[in-house]
Amino acid sequence: MAILTILIPVSLFLGAVGLVAFLWAMRTHQFDDLQGDAHRILLTDYDEKPAPKEK
Amino acid sequence: MALTDDHVQLAACPACVVVSPSDRVAAIRAQAARIMLSLPGAEGAGAISAVEGALRAFPGVRSARVNLSLRRVTVEAEPHLVAADLIPVLAAVGQEAHELDPGLLSSTETDRQGRALLMRIGVAFFSMMNIMLLSVAVWSGAEDATRDLFHFISGVIALPTVAFCGQPFFRSAWASLRQGRLGMDVPISLALILASSISVYETLHSGEKAYFDAAVMLSFFLLLGRWLDHRSRALARSAAEELAALEVPRAIVLDGAKEVVLPIAEVAVGDLVLVRPGGRMPVDGVVTAGTSEIDRGLLTGESLPVFAGPGTVVSAGEVNLTGPLTVQVTAAGRESSLHRMADLVAVAESAKTRYTTLADRASRLYSPLVHLLSFSAFAFWMWKTGGDIRYAINISAAVLIITCPCALGLAVPAVITAASGKLFRKGVLIKNGTALERLAEVDTVVFDKTGTLTMGAPEPLGLEALPAEALPVLGALARASAHPLAQALAARLPTTPLDDLREVPGYGVEGRLNGALVRLGRAEWVGAEALALTATYLSLNGQTHAVAFTDHIRPGAEAAIAGLRAQGIAVRLVSGDTEAAVAAFAARIGIADWVAGALPAEKAALVQGLGAEGHKVLMVGDGLNDTGALAAAHVSISPAQALDAARVASDIVLLGRDLSAIADAVFIARQAARRMVQNFGISAAYNVVAVPLALVGAATPLAAALAMSLSSISVSLNALRLRPWRS
């Protein structure tokens, strides 16, 4: 049962990483145009820089 | 209030320098840095790269970003660029573009609310997953110290989560308690608080049952319902705002001899405004120069044009038909009759929000019942166990959690999201949250004629009855004018050479055929007797001929009427037009029940009268004269081409030109209302099984979790079962 003292913090940490990633993605407006993103992946002429964010 | 304040400010500022229109344009150019364009035709990856590529290559554009979900592009540009510079650039790559007024797209506020909800959902989901992990271990038999440790960790995760995620519920529960009502959020908040505090107590005393998982799961599912609700509202609102923002209203202001294009908001009282033939009056005013005919159809519903010359008072929204008019502004922007009408509508709107929705009725029944059940369980077990408070509170908390309105919270939003999504794809935009439910109850439809059932495009009648030699003369005269009636004739008739052809704005067209004067135009000018119908008159060889017109029927109008009748709905027609015109049209489209010559107030009174007889009226109209009736009806629909004020007054907007979507909308609304009732039934059924278990003290946290998730999932699946209508 001693393994639990490692496993539980690890699982909580990984979950928290997921949560932070979700909050970051939301704050940087990444869910604003899901339809457009689905199509953008097909573009070949897209520049390397991330696109300017919409306010 | 704001109106009077502005007034006072204007009057109290005699020293204010009047800025010339050209300077006002310069001021606008200097600040225009962010341009928004609507791209109705944008589809797929090709459109994104074409639009962004073309715009980025244009000098002065700093960046361009397409939002495909909203069909919109946002351009950051050098200050000197305006939208009109960019529209041809997009036309060159095959994209239709329209300017949007960014000031009217106030989506940031709703956006922030949506994001806050989404963040709470994210947090609740994270906690739910982690707590569930620990709870599964407890359910499958963890004991003693392990169970206590797991409960303890769950509590450390759950308490901050409930405190953060429960805020929307706590706040609205508090608000409804202060008003002395028992809203749906009161039992929710009570369940959250009671479940958390009991679990803390049990954890500290090594108890067997902790409901941390239930508390967090409850907030997750309820937040999901809230978010769905918010999203369908926000989508409808942004689409409605876009319709309004599409009409960036502009006026041509005369600055000395120069013509300057200004947004309406910049036009001041006393300015001289030029209105070209075919243009809509942007302001209220008095004609100072020019003669013409004006179409007051959108304001009054009459299809006969009216003469306008110096001294004629014109109102915003009227259409100038034949000659250019110079109008001195008496009221602009918020003061104009168009806007005052919209303000009246806003008052009527607020009356409609008092409609009691299905969800309201359910919660009114449900909240007291839940409290009563929970309290009587507490009282019973106190008596039965001889005062064991801990056991009694445990039972009453279990009752609250099991009856939790998870499924109830999802029952309505899930159906509304599914139904409004389906209708949006058909070009029907639901603007108001309760409109779908009200539409389902409709038993009578009242249609407006001009612009709603008809396209507002005239079609000549009985041309073959005219003498053969008159037709080419008619055609030749008609070609000299831009008047809609003349255009309709010109498109259908041959021509012949005439001398001295000239248009007399406001009266008609004249010319000479072999030296004899021929005229086409208004009855009194031509010397003919006026008909009651929309008509134009020809004088030829000392004789006069009348050419009557009728209106094109809007596509899908017949299908819509047939579809509505098939669903058992009575169809009526009410119009501001003349009796003869309405009678002919009603016979053509097959409506027996019609009223002609109705003034705006009479239309509203007719709709109210039907309502007073117990009918649920759906009003379909497009003009300013319909706004009263639209606001008075149980539910109302207007086409996208309607006047702004009419669209504001209606609950539903048809985005396409086709009317047949109305029958679909009623069908889907009725189906949606059935699904909502079924969903309430489903969640009630789960309660019927689970509540007795909770009352006798046999409910485990596992049973609570199962009941909650199963009922939420089945309610959502049921919402997706909406089918389109096949006639």
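## Salt bridges and the A–B contact: worked exercises

The side chains of R40(A) and E52(B) form a salt bridge, with N and O 2.9 Å apart; by the rule used here, that is a side-chain nitrogen of Lys or Arg within 4 Å of a carboxyl oxygen of Asp or Glu. Bear in mind that this is a predicted model, where local features need pLDDT of at least 70, side-chain atom pairs count only at pLDDT 80 or more, and totals for chains, interfaces and linings use all residues. Residues are numbered from 1 along each chain as its sequence is written, chains are lettered from A and ligands numbered from 1 in the order in which they are written, and side-chain values use heavy atoms, leaving out hydrogens and water.

**Exercise 1.** Work out which residues R40(A) is networked with through salt bridges.

*Solution.* Start from E52(B), which meets R40(A) across the chains. Next, look for another partner of E52(B): R56(B) also forms a salt bridge with it, the closest N and O atoms being 3.6 Å apart. Put together, R40(A), E52(B) and R56(B) make a linked network. As for the geometry within chain B, E52(B) and R56(B) are four residues apart in helix α3, so about one helical turn separates them. (Helices are DSSP runs of H or I, at least four residues; strands are runs of E, at least two; both are numbered from the N terminus.) Finally, check accessibility: E52(B) is buried at 3% relative accessible area, while R56(B) is partly exposed at 35%. Buried means under 20%, exposed over 50%, and partly exposed in between, with a 1.4 Å probe and protein chains only.

**Exercise 2.** Describe the interface of chain B and chain A, beginning with how much area the two bury.

*Solution.* First, the area: about 2,400 Å² is buried between the chains, 63% of it on carbon and sulfur atoms. Buried area here is the accessible area (1.4 Å probe) that two parts lose on being put together, summed over both. On the chain B side, R65(B), R115(B) and F126(B) lose the most area to chain A, together 25% of what that side buries.

Second, the head count: chain B brings 27 residues and chain A brings 29, where contact means heavy atoms within 4.5 Å.

Third, the specific pairs: the rule finds one salt bridge across this interface. There are also three residue pairs in polar contact, both residues at pLDDT 80 or more. That term needs a pair of N or O atoms within 3.5 Å; within protein, one must be able to donate a hydrogen and the other to accept it, and residues adjacent in sequence count only if both atoms are side-chain atoms.

Fourth, the elements: in chain B, α3 (44-57), β2 (61-67), α5 (107-139) and α6 (144-165) each supply at least two residues to the side touching chain A. Helix α5(B) gives the most, with nine residues.

**Exercise 3.** Compare the burial of the residues in two other bridges, E293(B)–R522(B) and R502(B)–E510(B).

*Solution.* Take E293(B) and R522(B) to begin with: their N to O distance is 2.4 Å. This pair links distant parts of the chain, 229 residues apart, with E293(B) in strand β9 (residues 292-295) and R522(B) in the loop between β19 (516-521) and α19 (523-526). Both E293(B) and R522(B) are buried.

Now take R502(B) and E510(B), at 2.9 Å, N to O. Here R502(B) is partly exposed at 47% relative accessibility, whereas E510(B) is buried at 9%.
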